[in-house]
Every structure is written in C-alpha cells, then in structure tokens.
Amino acid sequence: MVDGNKSSVTDFILVGLFPEFQHYIVLNFMIIFIYTFAFLGNTLLIVLIWGDSRLHTPMYILLSQLSLIDLTLTSTIVPKMASNFFTGKRTISWIGCGTQSFFFLMLGMSECLILTLMAYDRYVAVCNPLRYPIIMSPRFCMHMVLGCWIGGSVSSFIHTVYPMHFPICGSREIHHFFCEVPVLIKLSCEDTSAYQLVVVVTSIVLLVVPFSLITASYTLIFLAVFRMNSVKGRKKTLATCSSHLTVVSLFFGPNIFIYMTFTSSHSAEQDQALSVFSNILTPMLNPLIYSLRNKEVVAALKKLMGKCVLSY
C-alpha cells in the first residue's frame, strides 16, 4: 500500500514541486496564480480570434490553436498539482498517470507541429505574397491543423502505452509534480536504455527536424525582409516574426534538453525547473508576446471591450 489504506498498490506518489524548498507553500500559490493568468489570457485570445471576422486568417487560426494547446496543457498539469497540495493526498492512479502523460505528450507534440506550420505560414506570406491566398487556403489550413492533432495523438499514444508497461520493483515515488515519460522510466527495474534511445531518436524527428525547418523558413524570411523597400512593411514583418521566434525559443530550448539527453544525465530538480518554465510559465507569456505588439489583436480587444461597455 502507498499513502494510506485508501490507496491502491498500483498508485504512484507525486512528490510535488521542489518539496524540500523552504518557501514551498508560496511557490505553489505562485504556480496557481500563473496558471490562472495563463488560462484567462489564452481563453481571451481564442475568443478574440474567433469572435472577430478580421482575424479569420490562417495566421490567427494557427495562433488560436496554439492558445488552445497552451490552455489545455496547463489544465492537464496544474489542477492535479493544486488538488494534491490542498488535500495533502499526493497519489495518482495508474490510469490517471497514463492519461496525464498521454495528454501532456499529445499537446506538446501538437504544439511543436503548430509552431512549424506558423513559420511556414509566415514564409509564404513574406516570400510568396501573391500566391498566399491560394497556398494557405482555409481548407488547407484546417487540414494542417487536423494533421497536427492526429500526429500528436498517435505518437503520444505509442509513447504512453509502452513505458507504462515497464515493471516497477521498488518505490513508486515520482520525483516530479506530474506524470512524464522520462520520470516514469527512472522507476523501472528493467534496463530501459534501448527505449531511452528510441525517445532520443523520436525527439530528433519531432524537435530537431521542425526546429530546422523553422530556422530555414526564417532565414529565407529575413533575406526577403532585407530586400524590402518599404520601411513600414519591414518593421511590421519583423515584429510578427520576432513574436513567433520568441515563442519558438521558449518552447524548443527546454524540451530539447529534457528529451534529447538521457534521463540519467540531469537531475529531478532540473527536470522540474524546465517543466515549470516550458509548461506553465511559457503558456502564460505566449498571449502577451502575441498581443502586445500586434495591432490587429489590440484592435479586436478594444472592439470587444467597447461591446461590453455598451451592453453594460
């Protein structure tokens, strides 16, 4: 039995976020505050995009999908962490752990693909503006979005089911605040080096290849921007691109470190710190990054606020 008589022998124990940290309570309340801000910010961005017909373009449709992923990703992690914190029950069932791991991986992989498509969208808009309406048609855009979700789901299912069947002979304590594949692998009493190699190879396909495509897209974009005669057009393009590049850096940096190195090469504290940054803090920052320097989004927000004032 674990964590009391009401827990099953198959339950896992989530140690939590930096349990030995002196200001553990303050840290958890900060995470809950960040989650609330991220939830409201991404929800507002989705409402603005789908509520304003001027934002019904491929770029903003992809942005709304990114916000949906961020909103769901944080909701997959933080509510369970907050529940464990307030109730004092740190257990999570085998099914609950697998479900959390599946959604986390699915959303992470889908976000990786969405960011790549956003880079492609900007490449077509800057380098082939006359063909943009034909290439990035609404039908093609929706097919791309659907492909991202399906691709993320299939890959996540494989990488959730397989490691969940590794035998666990010793402690079922997960030194993390949620169930994640690299952490679960550490609990197994089997030699998992072969599977870890598979994870690294998969990460190359799902992280390095998209990152390389994004880098290539922006290299071509910057070359095209420097050839522009219009200073105003150049500034507008660079503002849009800089927002996306910031989000790309915040996403790919921590995930490449976590998934492209063997689990034995970094500590539990490093995993937790990078997870907080990538999966909780970044989803809060993304709406701000895309909103503050985007005149269309600001205009949609003012329009929505005007309607609210009039209705009040």
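This is a short chat about a predicted model, covering its membrane annotation, one helix pair and a small sheet.

Q: What should I know about the model before we start?
A: It's predicted, so local features need pLDDT of at least 70 and side-chain atom pairs count only at pLDDT 80 or more, while totals for chains, interfaces and linings use all residues. Residues are numbered from 1 along each chain as its sequence is written, and side-chain values use heavy atoms, leaving out hydrogens and water.

Q: Where does UniProt place the feature "transmembrane region"?
A: The unreviewed entry puts it at residues 24-48, 60-82, 102-120, 140-162, 194-226 and 238-262. Such annotations may be inferred rather than shown by experiment; feature names are shortened and positions use the numbering here.

Q: How much of residues 60-82 is helix?
A: 100%, with 0% strand, and the end C-alpha atoms are 32 Å apart. Helices (H or I, at least four residues) and strands (E, at least two) are DSSP runs numbered from the N terminus.

Q: New topic: which strands stand at the edges of the sheet?
A: The sheet is open and mixed, with three strands in the order 2-1-3. Strand 2 (91-92) and strand 3 (173-174) are at the edges, each with a single partner strand, so one side of each has no neighbour in the sheet. Pairing takes at least two DSSP bridges between two strands.

Q: How many bridges join strand 1 to strand 2?
A: Two, and these strands run antiparallel; strand 1 covers residues 12-14.

Q: Which residue stands opposite Ile 13?
A: Thr 91 in strand 2.
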